[in-house]
Amino acid sequence: MTPDVVVDIGNTRMKWGRCADGCVADVVRLPLDDAAVWEAELAQFPAPRTGARRWAVASVNPPALHRFVAWARDHGETAVFEDYTALPIRVSVDEPARVGLDRLFGAVAARALVPAGAPAVTVDVGTAVTVNLIDAAGSFQGGAIFPGPRLMARALNEFTAKLPLSEPRNNYADFRAPAKNTADAIRTGILAALSGGVVQLLGALADQCSVPLWVFVTGGGAHLLDGLDLSRVADLVMVPSLTLEGIRIAAEALP
Ligand SMILES: Nc1ncnc2c1ncn2[C@@H]1O[C@H](COP(=O)(O)OP(=O)(O)OP(=O)(O)O)[C@@H](O)[C@H]1O
Ligand SMILES: CC(C)(CO)[C@@H](O)C(=O)NCCC(=O)O
Ligand SMILES: [K+]
């Protein structure tokens with residue numbers, strides 16, 4: 001099917017991508033649980049060219065998925081990706097059925113962006129951060145998962161007596177250590193954990209590959225990595241629509 005709108009439902013936000021001319025033309029981020037906002041957003045979309053609007057939806061958050069799909073079925077034809085077997089990618093991990101579909105859709109999109117035979121890495125800075133390897137043969141090879149910036153900030157606040165809730169708002173270009181107050185110390189620490197984790201993982205993955213890696217960065221916190229110099233390992237390419245592109249490509253491959 002050729003979707004009009006692709007939807008990626010995460011643990012914090014859902015993302016809609018409007019499809020036009022064989023790509024995801026623009027991305028909007030919407031709340032998980034507010035049908036009035038969805039209605040208002042849909043009113044901004046162009047009417048489908050023919051027949052009912054076609055949605056292709058995937059999620060790592062089953063309750064949010066079920067709520068959204070109930071709404072979407074009243075607003076067009078809705079294809080839902082339930083599990084990895086419907087995706088055009090080989091999944092080489094212990095239990096393929098347990099891998100988050102967002103990681104796999106990112107891999108599907110990355111594979112379409114690199115020359116044949118080039119390995120790729122995806123970095124998704126969302127509620128959780130994932131760093132994922134797609135090998136030279138195009139198989140998803142797994143990766144790593146760690147807490148996203150907001151989760152780190154919330155955990156520091158929730159599990160200590162003295163640490164305030166700090167919004168991680170600077171990006172790597174503003175990184176300064178040592179920090180001189182608690183709020184800045186938390187921001188600096190979270191940025192160091194994020195960038196350090198990404199650098200460590202890219203180094204380890206690059207060591208396994210004989211050719212340079214293509215690295216695609218996406219997710220609501222991707223901009224936090226702006227200014228991070230990884231020239232020894234790879235160049236980062238920011239692709240805000242990576243997961244949505246993967247959903248679009250996989251939907252096109254459906255009967
Ligand atoms: N404007 C911002 N400034 C600083 N950090 C931000 C900003 N927006 C998002 N982030 C950080 O990026 C992380 C991911 O953001 P967000 O939850 O919006 O991403 P997402 O990709 O939609 O996640 P998910 O798919 O898991 O719902 C959050 O942990 C948050 O700390
Ligand atoms: C890691 C997250 C939360 C990132 O959105 C998601 O991909 C997920 O729920 N994954 C399931 C576990 C796994 O991927 O191995
Ligand atoms: K995500």
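The "binding site" annotation in the UniProt record, an unreviewed entry, covers D8, I9, G10, N11, T12, R13, M14, K15 and T127. UniProt positions follow the numbering used here, feature names are shortened, and such annotations may be inferred rather than shown by experiment. The model itself is predicted, so local features need pLDDT of at least 70 and side-chain atom pairs count only at pLDDT 80 or more, while totals for chains, interfaces and linings use all residues. Residues are numbered from 1 along each chain as its sequence is written, chains are lettered from A and ligands numbered from 1 in the order in which they are written, and side-chain values use heavy atoms, with hydrogens and water left out.

Back to those annotated residues. They span 120 residues in sequence, yet no two of their C-alpha atoms are more than 13.3 Å apart, so they gather at one spot. From this set, D8, I9, G10, N11, T12, R13, K15 and T127 belong to the lining of the largest pocket. I9 sits in strand β1 and, at 0% relative accessibility, counts as buried. Here buried means under 20% relative accessible area, exposed means over 50%, and partly exposed is in between (1.4 Å probe, protein chains only). Helices (H or I, at least four residues) and strands (E, at least two) are DSSP runs numbered from the N terminus.

So what does that pocket look like? Rolling a probe the size of a water molecule over the atoms shows where empty space is left. On a 1 Å grid over the protein atoms alone, a pocket is an open set of points where a 1.4 Å probe fits, with protein on both sides within 12 Å along at least five of seven lines, and lining residues have an atom within 4 Å of a point. The largest pocket holds about 810 Å³ of space, a volume being the space filled by probe spheres set on the grid points, which are joined across faces, edges and corners. Its lining counts 37 residues, with T12, V125, G126, T127 and A128 nearest the centre.

Several elements chip in: β1 (5-9), α3 (101-113), β6 (120-125), β7 (128-134), α4 (149-158) and α6 (242-252) each supply at least two lining residues. α4 gives the most, with 4. Domain 1 (5-80) and domain 2 (90-106 + 114-240) each bring at least three residues to the lining; the bounds come from an automatic or database domain assignment. As for chemistry, the lining divides into 12 nonpolar, 13 polar and 12 charged residues. Nonpolar here is Ala, Val, Leu, Ile, Met, Phe, Trp, Tyr, Cys and Pro, charged is Asp, Glu, Lys and Arg, and the others, Gly among them, are polar.

One of the contributors, α6, is mostly covered, with 9 of its 11 residues buried. Among them are L242, L244 and I247.

Now for the backbone oddities. Most residues other than glycine have a negative phi, and most peptide bonds are trans. D21, in the loop between β2 (14-20) and β3 (23-30), has a positive phi near 50° and is exposed at 82% relative accessibility. A cis peptide bond, with omega about 0°, joins A177 and P178, and P178 lies in the loop between α4 and α5 (182-207).

Finally, the cysteines. The whole structure has 0 disulfides, a disulfide being a pair of cysteine sulfur atoms within 2.5 Å. The sulfur of C23 is 8.2 Å from its closest cysteine sulfur, in C19, too far for a bond. C19 is buried at 14%, whereas C23 is partly exposed at 32%.
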